[in-house]
Amino acid sequence: MPKRGRVWQDQGVSNHPAAEVPARLFADDDAEARWRARFTAARVSLPNWAYDAPDRNIYVSNASGVFEIYAWDRVTDTHRKVTDRPNGTHTGAISPDGGQVWWFSDSDGDEFGSWVAESFAGRPVDEEPRAAVAGSVPGYPAGLGLGRNVTAVGVSDDDGTTVFVAKNGGPAEIVYRDEHDGGVAALSRDETLLAIEHSEHGDNRHPALRVLAVADGATVADKWDGVGKGLDAIGFSPVEGDQRLLVAHERRGRDELLVWDVATDTEVELAIDLPGELTGDWYPDGRAVVVVHTHEARNALYRYDLVSGALTKLNTPPGTIGSVDVRPDHTVEYSWSNAAKQGVVRALYTDGTERVLLEPPGHRAPDSVELMDVFVPSEGGEVHALYSRPASAPDGPLPTVFALHGGPHSHDEDRFSAYRAAWLDAGFAVVHVNYRGSSGYGSKWRDAIEGRPGLTELADVAAVHEWAVAKGLADPAKCVVNGASWGGYLSLLAMGTQPALWAAGVAGVPVADYLAAYEDEMEPLRAFDRALFGGSPDEVRDRYVECSPITYVDNVRAPVLVVAGENDPRCPIRQIENYLEKLADRDSPYEVYRYDAGHGSLVVAETIKQTAIEIHFVRRHLGMD
């Protein structure tokens with residue numbers, strides 16, 4: 001039987017001071033309605049369409065107040081909510097014939113579960129969804145390849161990674177098993193080849209690729225670029241019988257693209273001369289790739305012709321492109337937003353015209369304000385930060401929130417954020433710091449935190465803090481460090497290692513005690529930590545201790561708010577309790593909010609509640625209420 005991640009559950013038991021839940025943030029009714037309306041405005045993801053029945057689609061939306069999976073028939077323009085679970089659903093797929101909708105079913109956000117399925121048309125109200133793959137086992141999801149007659153499912157647990165393949169509706173058989181992290185990456189269109197990503201070399205931050213024969217699980221080809229250079233399989237050509245695989249690589253210190261012909265074991269690197277980083281996907285005829293270009297926190301789209309090498313820029317507005325897909329008629333569909341405007345799903349047609357493809361029901365989110373770019377020198381190079389001020393703010397320094405993104409291999413970008421807008425409405429400037437460790441700025445920048453995570457990022461945060469104060473933008477007596485997940489970890493670490501900089505700290509679902517977190521977290525994250533730190537706590541214990549917030553808890557001076565999920569497999573509750581007990585022992589001001597879900601919430605009302613708690617906590621402790 002698979003082993004579940006060692007997550008300690010201590011639900012509802014806490015002797016720590018509970019965070020205050022305000023009834024409202026603003027006395028003015030219009031201001032109160034405006035910030036809430038940004039969260040309650042319905043959002044939709046880019047539709048995922050069935051390859052053999054492209055008018056059948058699924059997408060994710062919060063239209064009901066909870067993020068769930070919806071089915072959309074474009075012919076009749078009918079929409080159906082497929083899932084209806086208390087803590088929401090965000091991971092789904094549609095079968096190539098459009099007949100089945102799949103989703104990953106976990107328990108209250110703990111991410112441990114199995115794939116289930118039902119008809120695109122729905123199921124009787126008294127009938128449960130069926131198990132999608134007989135013979136598979138529960139675990140953490142590790143990829144899915146869904147074909148007409150073949151299904152490949154990746155499962156992760158404490159024993160490592162297992163890949164199951166089911167053929168023609170029969171029971172699943174194991175084709176791959178290894179103690180290291182990995183998973184399903186892509187299934188070829190003719191369903192004869194299965195690409196997996198693996199870390200048998202011991203580094204899941206820089207994976208290698210292997211292609212297996214679906215018939216018997218035999219290895220057809222391997223590709224590994226060596227130490228510190230990862231490969232990501234994006235997808236096989238959508239043309240029947242075409243065994244070319246689109247791959248992301250980092251051979252020249254940034255994300256770029258290549259096409260690997262698995263049949264001949266030859267490859268062609270795509271020579272695209274653009275600054276920044278690249279990813280992409282196939283055009284349906286296999287003759288071109290739609291390229292997503294990321295540079296300085298914004299995206300653009302291009303068409304790259306694989307025959308001629310011609311690169312053509314597509315007409316998309318400035319901002320962030322969350323996802324992109326190309327329809328059979330070569331219409332490019334993509335999700336888009338910028339800091340001021342709510343996200344939409346747009347369609348760009350081959351004649352250059354475009355329209356909003358999928359309009360969410362209900363009201364639109366009120367606009368927010370634009371982000372400004374700043375570039376600040378730091379010990380590791382120039383740090384790109386994004387800065388915004390309330391539209392009606394007077395000149396001079398303001399209370400400022402330094403909002404630190406999660407990941408760590410992610411980055412803040414020019415996208416709409418109801419959360420950022422709420423802080424702006426409350427009178428705060430907001431600074432996003434794309435510290436070392438962030439993606440989007442090359443491999444060297446991303447990997448600069450290896451061996452000393454947390455402390456490296458905070459050196460960049462301190463440099464941006466110094467810049468904001470020196471420029472007269474941030475009030476040095478009212479600077480707040482804030483983040484969730486890895487950003488929550490950095491916030492707690494900053495409170496103990498940079499106590500002179502921060503007047504308050506907010507840490508959502510953080511790593512607080514790294515040694516205990518390693519013991520309890522899901523295995524893929526333990527593998528990530530081993531790659532990041534250069535070994536396990538048994539091997540490099542001093543590094544984990546040096547980079548753990550609990551090590552510096554006695555230095556914390558300012559009030560701290562911790563927000564934690566009861567069922568979080570990534571930043572489990574026990575290690576957070578360890579940190580809070582240390583705070584309690586030294587009579588340091590702190591408050592705690594625990595909620596019944598995992599690593600974040602898919603429930604809109606819960607997100608609004610947490611945002612209100614955080615802003616109220618900070619304003620109260622900064623004397624702004």
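Here is a short chat about a few local features of this predicted model.

Colleague: Let's start with the backbone. Which peptide bond is cis, the one from Gly407 to which residue?

Modeller: Most peptide bonds are trans. Here, though, omega is near 5° for a bond that starts at Gly407. The residue on the other side sits in the loop between β31 (398–404) and α2 (418–425). That residue is Pro408.

Colleague: Is Ala297 buried or exposed?

Modeller: Ala297 has a positive phi of about 70° although it is not a glycine. You'll find Ala297 in the loop between β22 (288–295) and β23 (298–305). Buried means under 20% relative accessible area. Ala297 comes in at 2%, so the label is buried.

Colleague: And what is the relative accessible area of Asp108?

Modeller: Asp108 also shows a positive phi, near 55°. Its place is the loop between β6 (100–105) and β7 (114–119). Asp108 counts as partly exposed, and its relative accessible area is 37%.

Colleague: Now the helices. How is α7 oriented relative to α8?

Modeller: Helix α7 covers residues 523–533 and helix α8 covers residues 537–546; their axes are 10 Å apart and the packing angle is about 85°. Angles of 65 to 115 degrees fall in one class, so α7 relative to α8 is roughly perpendicular.

Colleague: Which residues of α8 take part in that contact?

Modeller: From α7 come Asp529, Arg530 and Phe533. The contact residues divide into 3 nonpolar, no polar and 3 charged. On the α8 side, the residues are Val540, Arg543 and Tyr544.

Colleague: How many residues apart in sequence are the parts that Glu267 and Arg251 tie together?

Modeller: Side chains of opposite charge can pair when their charged atoms come close. Glu267 and Arg251 form a salt bridge, with the closest N and O atoms 2.4 Å apart. Glu267 lies in strand β20 (residues 266–269) and Arg251 in the loop between β18 (244–249) and β19 (256–261), so the parts tied together are 16 residues apart.

Colleague: Which partner is exposed in the salt bridge between Arg586 and Asp554?

Modeller: The closest N and O atoms of Arg586 and Asp554 are 3.9 Å apart, and the pair links parts of the chain 32 residues apart. Arg586 is partly exposed at 29%. The exposed partner, at 57%, is Asp554.

Colleague: How many salt bridges does the count come to?

Modeller: One of them joins Asp367 and Lys341, with the closest N and O atoms 2.7 Å apart. Others form a network that includes Lys223, Asp225 and Arg252. The count comes to 50.

Terms used. Residues are numbered from 1 along each chain as its sequence is written. This is a predicted model: local features need pLDDT of at least 70, side-chain atom pairs count only at pLDDT 80 or more; totals for chains, interfaces and linings use all residues. Side-chain values use heavy atoms; hydrogens and water are left out. Helices (H or I, at least four residues) and strands (E, at least two) are DSSP runs, numbered from the N terminus. Buried means under 20% relative accessible area, exposed over 50%, partly exposed in between (1.4 Å probe, protein chains only). Axes are lines fitted to C-alpha atoms, for helices over the stretch in contact, and angles run from 0 to 180 degrees between N-to-C directions. Angles under 35 degrees count as roughly parallel, over 145 as roughly antiparallel, 65 to 115 as roughly perpendicular and the rest as oblique. Contact means heavy atoms within 4.5 Å. Ala, Val, Leu, Ile, Met, Phe, Trp, Tyr, Cys and Pro count as nonpolar, Asp, Glu, Lys and Arg as charged, and the others, Gly among them, as polar. A salt bridge is a side-chain nitrogen of Lys or Arg within 4 Å of a carboxyl oxygen of Asp or Glu.
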